[in-house]
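Reader: I am new to reading protein structures. Can we go through this one step by step?

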Amino acid sequence: MERWALFILLACGASHSARSGCENRVCNPRMGNLATGRQMLTDTQCGSTTPEYLCRYDDGSCVVQCEVCHPHAHPPTSMTDSPFTQPPTWWQSAGDAITETLQLDLEMEFYFTHLIVIFHSPRPAAMTVDSSRDFGRTWSTLQFYARNCSWFGLKDGHGCTEKYSSPRPCSRGEVIYRALSPWGILEPYSSEARAQLGITNLRVRLLQPQPCPCQLKESNTSLLSVPYAISDFILKGACLCHGHSDQCAPASGYLATHTRGLHVVHGKCVCRHHTAGDHCERCDRLYNDQPWRPASGLTGEAHQCAKCKCNGHAESCHFDLSVWVRSGQRSGGVCHCLHNTTGQHCQHCQTGFYRHPERLLTAANSCTACLCDRVGTESCNPANGDCMCKPGVATPQCDKCMLGYWGFNEYGCRPCHCAGDCDPYTGDCMTGSDPDHNTTLFRVEELFSALNFQEKCVCKQQSLRNSKIFCIMKYSYALKVRVLAAHDKGSHAEVDVKVLKVLWSSSTLRLIQGTVTLYPESWTTRGCTCPVLYPGEEYLVAGHHDVRKDVTNVNGSDQEVIDTALKMADSLISALTTEVRSGLRRIPCLSASFPRGREEEHSDGGGAYSPFSCSAV
């Protein structure tokens, strides 16, 4: 009984799946006659060119039955209609046929289990059954049939059988081919089973007709008998679905013929178990986390395809064997990521995007575009979106050169080969005594202030506590101020201050206590303010008066408290007061500094004190 195990499985697959369906187990589509609903090709047909008078014999009584065969009397479709049709129908070859070929071409690959041919004439003395799995490009002979197998040069039982070649019965004789025998138990969806059962074309070659023995008894042997006639051609099979479907639909290329309500076995599987393809031969688009496998016809296991873990950011994935091996054969799916994500499981954001902290990992907009210039950006921090600029390029958006660099391009910016700054377009050094000329080389959008970008401006102001430097600089004024506001004007900075003390003022600049605007001078030559003056703080400042622009520049400041300054305060104030009143051109240069809140203790009432040296006028 083992030899029939596979046949029973395939033949009963439809009824079994009707009970349990395909869920979590193997399933098979309904079997049927693959020839039904498809065109049978023959070499000849009786009466196709001209009516023919042909005779046949009834096997039991040897009564001759003759008729005139016209073109539509016995077409090839009569072989594939219902075997229960009344009156009986059959295909009949031309009266002079010696050899005849019958061929069935299928639009897809199918499984078949057996072939039954029922003749309406005596069976041939020799014939073959051939099959193809590549749509007729190559053929192989499945079985030789002969009244004497030596006709093929073979022995009975060795690829040839003499069982189905007797001339009796003269009608309703059968020729059978079983694709399953002589096997025992076999996995029906294995490659071995497919090689034996798979079929795209079937061909039956009728090679030698033989007369009915009744005709030999008749004295009138001149009657022309029918060489070949077939009433039923049954190729039992089903669509090939590897155990992953219980239903099949028409495939492309199927040419329907009139079936009169008969069941047609279609070739395109309606796949289950998350499989896909005409034969369910692969996993569906998003179910490739494990390798595809056919279901098991012996154990009933479905071997369903596993869904890839893509965090909701993919509609498809593919199986990667190397990933599968590295995971210890747990997961081999690589997602085809959408929504600006990347990674095996779409767990990362693409370059130029970062994970939004307030959105779910599975949200379609969880990866947000970084606001970085494409040309000047090396990368974007996927955690917070910060732009990481190329060499010489300035943050925050990496869209321009840093001060001291020029030539913004895809490689970054090049350093200026200058003592100072350079033109950001050409790299020409910006030197000279005319600050207006130098300022024009800046683009307005590239100028920035240390008030906002202190990390880009290294303020190296000279200490006002050095007496010699103070005298050399010849400051026009020295004030104690409280900063009220600071404004970044793009091309310069303006600082609004309240004058608390006038410590020194030249004869050309008469400052009084009140609110004035100061201009940090370093802005116009270096691109940033220096010194940096913070609103709300008090400073001791000194600088020059620009007569042409009528602005008061700040060249130095000091907010530090120097212990030794308290000891020198009285001599400084006295010197300042005496020398100014006497009109001397030069005054002594001393150094002192006072903490805020103690200047009154060291004042002569005229408001003269200084945390730094006084200026020669």
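Reader: Let us start with Asp130. Is Asp130 buried or exposed?
Author: This is a predicted model. Buried means under 20% relative accessible area. Asp130 has a relative accessible area of 1%, so Asp130 is buried.

Reader: Which side chain does Asp130 meet in a salt bridge?
Author: Side chains of opposite charge can pair when their charged atoms come close. Here the N to O distance is 3.2 Å. The cut-off for a salt bridge is within 4 Å. The partner of Asp130 is Arg203.

Reader: How many residues apart in sequence are the parts that Arg203 and Asp130 tie together?
Author: Arg203 lies in strand E11, residues 198-208. Asp130 lies in strand E7. The pair therefore ties together parts that are 73 residues apart in sequence.

Reader: What about Arg203, buried or exposed?
Author: The limit for buried is under 20% relative accessible area. Arg203 has 19%, so Arg203 is buried.

Reader: How many salt bridges does the structure hold?
Author: Arg203 and Asp130 form a salt bridge. Arg133 and Glu109 form a salt bridge too, at 3.3 Å, N to O. The count for the structure is 12.

Reader: Where do Arg133 and Glu109 lie, and how many residues apart are they?
Author: Arg133 and Glu109 meet in a salt bridge. Arg133 is in the loop between strand E7 (126-132) and strand E8 (140-146). Glu109 is in strand E6, residues 100-119. The pair links distant parts of the chain, 24 residues apart.

Reader: Which residue is linked with Glu109 and Arg133 in a network of salt bridges?
Author: Glu109 has a relative accessible area of 9%, so Glu109 is buried. Arg133 has 40%, so Arg133 is partly exposed. The residue linked with them in the network is Arg194.

Reader: Which residue meets Lys309 in a salt bridge?
Author: The N to O distance is 3.0 Å. The partner has a relative accessible area of 2%, so the partner is buried. That partner is Asp289.

Reader: How many residues apart in sequence are the parts tied together by Lys309 and Asp289?
Author: The two residues meet in a salt bridge. Lys309 lies in the loop between strand E16 (282-283) and strand E17 (314-319). Asp289 lies in the loop between E16 and E17, so the pair ties together parts that are 20 residues apart.

Reader: Now the cysteines. How many disulfides are there?
Author: A disulfide is a covalent bond between the sulfur atoms of two cysteines. The cut-off is a pair of sulfur atoms within 2.5 Å. By this rule the count is 18.

Reader: How many residues apart are Cys283 and Cys305?
Author: Cys283 and Cys305 form a disulfide, with their sulfur atoms 2.0 Å apart. Cys283 is in strand E16, and Cys305 is in the loop between E16 and E17. The pair links distant parts of the chain, 22 residues apart.

Reader: What is the torsion about the S-S bond of Cys283 and Cys305?
Author: Cys283 is buried at 6%. Cys305 is buried at 7%. The disulfide is left-handed because its torsion is about -80°.

Reader: Which cysteine forms a disulfide with Cys389?
Author: The sulfur atoms are 1.9 Å apart. The torsion is about -85°, so this disulfide is left-handed. The partner counts as buried, at 0% relative accessibility. The partner is Cys398.

Reader: How far apart are the sulfur atoms of Cys416 and Cys422?
Author: Cys416 is buried at 12%, and Cys422 is buried at 2%. Their link is left-handed, with -55° about the S-S bond. The sulfur atoms are 1.7 Å apart.

Reader: Which residue follows Arg168 through a cis peptide bond?
Author: Omega of this bond is near 0°. The residue is in the loop between strand E9 (160-161) and strand E10 (174-178). It is Pro169.

Reader: What is the phi of His273?
Author: His273 is in the loop between E14 and strand E15 (275-276). At 6% relative accessibility, His273 is buried. His273 is not a glycine, although its phi is positive, about 60°.

Note on methods:
Residues are numbered from 1 along each chain as its sequence is written. This is a predicted model: local features need pLDDT of at least 70, side-chain atom pairs count only at pLDDT 80 or more; totals for chains, interfaces and linings use all residues. Side-chain values use heavy atoms; hydrogens and water are left out. Helices (H or I, at least four residues) and strands (E, at least two) are DSSP runs, numbered from the N terminus. Buried means under 20% relative accessible area, exposed over 50%, partly exposed in between (1.4 Å probe, protein chains only).
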